[in-house]
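Subject: Structure for you to look over

Dear colleague,

I am handing over the structure below, together with my notes on what was found in it. Please read the notes with the structure open beside them.

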Amino acid sequence: MPHLKHLSTGNFFLIAGPCAIEGEEMALSIAKEVSALCNRLEIPYIFKGSYRKANRSRLDSFTGIGDEKALKILQKVREEFGVPVTTDIHTEEEAALAAAYVDILQIPAFLCRQTSLLVAAAETGKVVNVKKGQFLSPDAMRFAQDKVLESGNEKVILTERGTTFGYQDLVIDFRGIPTMQSFGATVVLDCTHSLQQPNQASGVTGGQPALIGAVARAGIAVGVDGLFIETHPEPAKAKSDGANMLPLAQLEGLLEQLVVIRSAIK
């Protein structure tokens, strides 16, 4: 995916896949189903999967199957289904490593102010998707965008993923979508992480997946450019973020609704 203009079809675009790459068979199966669905509905599709989970509440939480193994699975998804792929990075060294396999580098929300990380991602020439920190206002994200632009890379996405509300909840301020669009950003709404319930006593983040559809419909109505939805055939058995993922079987019906809403507001 050489440039963001390839996502500008008049419809919203979709970033979707499992939270983490758990294995080749699972990743290819999800990519096959979602890419076929998006082709039918004319939704530009980007496959997402974390090759490594660095931000874990507990030391014994799943972190990955091995960096190179997971990155090669992402590369195989791209080659087999002809879709762009994305993964998140956590250090400057990871930028070049992941860029060899994926099209979009995702900057996690907790790291969105890490200048050296943003610059390293920008210098790869890949699209850089910066997730808005739970602690930042939408206006403050213009400075994250500027760090990428001023490093010589114009391919930037900003992703809304909720704002900290107390110790154990997030709230979505939908005003943030047009705010970030006002300074030229391509804006995505993360419909799954926005519904997280962090800081649980168990050390495992909770969530409200029953509200994913409501959040997605609201985002499309507001005019967001793209949606981010983590999905899994059996979220309860997922090795990471199962409490926040949409069951894969529910994705088709939701996307059909969203296409109708998008058409109505155009």
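Helices and strands are taken here as DSSP runs, with at least four residues for a helix and at least two for a strand, and they are numbered from the N terminus. Please keep in mind throughout that this is a predicted model.

On that basis, the secondary structure of the protein comes to 8 helices and 13 strands. Of the 266 residues, 53% are buried, and among contacts with a separation of 6 or more, 69% are made by residues that lie 24 or more positions apart.

I begin with helix α1 and the residue that follows it. Helix α1 covers residues 24-41, and at 1.5 Å a residue its 18 residues should span 26 Å, which agrees with the 26 Å that separates its end C-alpha atoms. The buried residues in α1 are M26, A27, L28, I30, A31, V34, S35, L37, C38 and L41. As a general point about α-helices, there are 3.6 residues a turn, so residues three or four places apart point the same way. The cover over the buried residues of α1 includes the strands β1 (13-17), β2 (45-48) and β12 (226-232), together with the helices α2 (67-81) and α8 (251-265).

Just after α1, E42 takes a positive phi of about 60°, and it does so although it is not a glycine. E42 lies in the loop between α1 and β2, and because its relative accessible area is 62%, above the cut-off of 50%, it counts as exposed.

Two helix pairs come next. In general, two packed helices are described by the angle between their axes and the distance between the axes.

The pair α7 and α8 has an angle of about 20°, with the axes 9 Å apart, where α7 covers residues 212-222. The two helices are therefore roughly parallel to each other, and their crossing is right-handed. On the α7 side the contact involves I212, G213, A216, R217, I220 and A221, which meet L254, Q257, L258, I261, R262 and I265 in α8. By class, this contact of α7 with α8 has 8 nonpolar, 2 polar and 2 charged residues.

Within α8, L254 deserves a separate look. L254 is buried, with a relative accessible area of 7%, and its C-alpha atom is separated by 6.4 Å from that of G213, although the two residues are 41 residues apart along the chain. Leaving aside neighbours within four places in sequence, L254 is in contact with I212, G213, A216 and R217, and also with I229 and L246.

The pair α4 (residues 115-123) and α5 (residues 141-149) packs at an angle of about 45°, with the axes 8 Å apart. That angle makes α4 oblique to α5, and α4 passes α5 in a right-handed crossing. Here T115, L118 and A122 in α4 meet A144, K147 and V148 in α5. The residues of this contact of α4 with α5 divide into 4 nonpolar, 1 polar and 1 charged.

Finally, here are some notes on three strand residues.

I107 lies in strand β4 (residues 104-107), and at 0% relative accessibility it counts as buried. Beyond the residues up to four places away in sequence, I107 touches I89, C112, L117, L118, A121, V128, N129, V130 and K131. One of these, L117, is 10 residues away from I107 in sequence and 8.0 Å away in space, C-alpha to C-alpha. Another of them, L118, is also among the α4 residues that meet α5.

T159 is in strand β6 (residues 156-160) and is buried, with a relative accessible area of 0%. Setting aside neighbours within four places in sequence, T159 is in contact with N129, V130, K131, K132, V188 and D190. N129, V130 and K131 are thus touched by I107 and are also in contact with T159.

D88 is found in strand β3 (residues 85-88), and at 5% relative accessibility this residue counts as buried. D88 and Y51 are 37 residues apart in sequence, and their C-alpha atoms are 7.6 Å apart in space.

With best regards

How values were computed:
Residues numbered from 1 in each chain as written. Predicted model: local features only at pLDDT ≥ 70, side-chain atom pairs only at ≥ 80, totals over all residues. Heavy atoms only, no water. Axes fitted to C-alpha atoms, helices over the stretch in contact; angles between N-to-C directions. Parallel < 35°, antiparallel > 145°, perpendicular 65-115°, else oblique. Left-handed = near helix turned anticlockwise from the far one by under 90°. Contact = heavy atoms within 4.5 Å. Nonpolar A, V, L, I, M, F, W, Y, C, P; charged D, E, K, R; others polar. Expected span 1.5 Å × (residues − 1). Buried < 20%, exposed > 50% of the residue type's maximum accessible area, 1.4 Å probe, protein only.
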